[in-house]
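Biologist: Hi, I have a new model to look at. Could you walk me through it?

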Amino acid sequence: MGGQPAGRAEDRTPLAHGCAVQDRWGHLLPAPCTKTHHFEYVGIWTAPDVSYDDATEKEDAVHAKCRPVIARYAKVPVDG
């Protein structure tokens, strides 16, 4: 197959993330978006090329990258 995905692009099922809740161990579990939920996939951003420890140490920088993605999804201004 030469590294190409099987089937035509229009025939493949798109990757779909939606809403989630957190279990008591901190795992995210799929949840219907029509029910109460605490997490919702809205998009992605490219993380800097640093270690996980460095990225989590600077949570404000991570949140600053997430805010525009969330604001675009929610159609609200970017605050923060």
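Modeller: Happy to, and we can go from the overall fold to the disulfide and then the pocket.

Modeller: This is a predicted model, where local features need pLDDT of at least 70, side-chain atom pairs count only at pLDDT 80 or more, and totals for chains, interfaces and linings use all residues. Residues are numbered from 1 along each chain as its sequence is written, and side-chain values use heavy atoms, with hydrogens and water left out.

Biologist: Great. How many helices and strands does the chain have?

Modeller: There are 2 helices and 3 strands, and from the N terminus their order is β-β-β-α-α. Helices (H or I, at least four residues) and strands (E, at least two) are DSSP runs, numbered from the N terminus.

Biologist: And how much of the chain is buried?

Modeller: Of its 80 residues, 8% count as buried. Buried means under 20% relative accessible area, exposed means over 50%, and partly exposed is in between (1.4 Å probe, protein chains only).

Biologist: New topic! Which cysteines form a disulfide?

Modeller: Cys19 and Cys33 do, with their sulfur atoms 1.9 Å apart. The cut-off for calling a pair of cysteine sulfur atoms a disulfide is within 2.5 Å. Cys19 sits in strand β1 and Cys33 in the loop between β2 and β3, so the pair links distant parts of the chain, 14 residues apart. The structure holds 1 disulfide.

Biologist: What kind of bond is a disulfide, in general?

Modeller: A disulfide is a covalent bond between the sulfur atoms of two cysteines.

Biologist: Why is this disulfide right-handed?

Modeller: Because the torsion about the S-S bond of Cys19 and Cys33 is about 105°.

Biologist: Is Cys19 buried or exposed?

Modeller: Cys19 counts as buried, because its relative accessibility is 5%. Its partner Cys33 is partly exposed, with a relative accessible area of 44%. Cys66 is partly exposed too, at 23%.

Biologist: Okay, pockets now. What volume does the largest pocket have?

Modeller: About 320 Å³. Among the 17 residues that line the largest pocket, Gly18, Leu28, Phe39, Glu40 and Tyr41 are the closest to its centre. A pocket here is an open set of points on a 1 Å grid over the protein atoms alone, where a 1.4 Å probe fits, with protein on both sides within 12 Å along at least five of seven lines; lining residues have an atom within 4 Å of a point. The volume is the space filled by probe spheres set on the points, which are joined across faces, edges and corners.

Biologist: Which elements supply at least two residues of that lining?

Modeller: They are β1 (19-22), β2 (28-31), β3 (39-40) and α2 (59-74).
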